Amino acid sequence: MLTAALRGLAAASLALLPLTVPAPAHAAETLPLAEVVARLPVEDESRDGYDRDTFRHWNSGDDPDDGCNTRGEVLLAEAVEPPTVGPRCRMSGGRWWSYYDQVWVTSASGLDLDHMVPLAESWDSGASAWTAQRREAYANDQGAEASLVAVTARSNRSKADQDPAEWLPPATEAHCRYAAEWVGTKLRWSLAADEAEVAALHETAAGCPDQSVTYEPAA
């Protein structure tokens, strides 16, 4: 009788417990740019073994049923005036603001989708050690608005795979935002930075006292 009663109490206690224990949330943080630059781990970078094809993109995007890949979904999300979307995500009309060079673009074909931290730069600073699945998640990241940016093809190709020690947007009024989004993306994905890069970011941050950075670690 005693054994049966104890088993009954144990079962009742278990019934009160949640069936699953929720995983801790990745909290977003908002901090001044200068403070966030100081959080970047400083390490030497290496491009040994880099191959762009190890970052699968563009995949089917966040909604595999919408007919658009990641590129198409980001273009639609960033359109100031939405385009008309036809079969296979073909876009006509629409209007976009390319903040790198502060110009309006009225054709999706005139835009590139820039990885804020280029694929090669991410490889140099940590992604070489990732799984193929994590590299694909990085290359198609729509979980943070800054990760992928629709800009003019001209400005994106001028940037190529350079970091802020080598390239900043041609529009000086874009520098504070750009530095914030670069640092936020690196911290989101736990990527390192080399000494020249960090020095350039500190220099830019000094001229951006009101610029903040919001980032949330990637899952």
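Biologist: Which word fits both K186 and E197, buried or exposed?

Modeller: This is a predicted model, in which local features need pLDDT of at least 70, side-chain atom pairs count only at pLDDT 80 or more, and totals for chains, interfaces and linings use all residues. Residues are numbered from 1 along each chain as its sequence is written, and side-chain values use heavy atoms, with hydrogens and water left out. Taking buried as under 20% relative accessible area, exposed as over 50% and partly exposed as in between (1.4 Å probe, protein chains only), both K186 and E197 are buried.

Biologist: How many residues apart are K186 and E197, which meet in a salt bridge?

Modeller: Their side chains meet at 2.9 Å, N to O, in a salt bridge (a side-chain nitrogen of Lys or Arg within 4 Å of a carboxyl oxygen of Asp or Glu). K186 belongs to helix α7 and E197 to helix α8, residues 195–206, where helices are DSSP runs of H or I with at least four residues and strands are runs of E with at least two, numbered from the N terminus. The bridge therefore links distant parts of the chain, and the separation in sequence is eleven residues.

Biologist: Which residue of helix α4 also meets K186 in a salt bridge?

Modeller: The side chain of K186 has another salt bridge, of 2.7 Å from N to O, to the side chain of E121. That partner sits in helix α4, residues 119–124, and is 65 residues away from K186 in sequence. Both ends of this bridge are buried, and a network of salt bridges links E45, K186 and E197 with this residue of α4, E121.

Biologist: How many of the 14 residues of α7 are buried?

Modeller: Helix α7 covers residues 175–188, and its buried residues include H175, Y178, W182, K186 and R188. The helix is largely enclosed by the rest of the structure, because the number of its buried residues is twelve.

Biologist: Which residue forms a salt bridge with R154, and is that partner buried or exposed?

Modeller: R154 and D101 meet through their side chains at 3.4 Å, N to O. Because R154 lies in helix α6 (residues 153–159) and D101 in the loop between β4 (96–98) and β5 (103–105), the pair ties together parts that are 53 residues apart in sequence. R154 counts as exposed because its relative accessibility is 60%, whereas its partner, with a relative accessible area of 15%, is buried, and that partner is D101.

Notes. Expected span 1.5 Å × (residues − 1).
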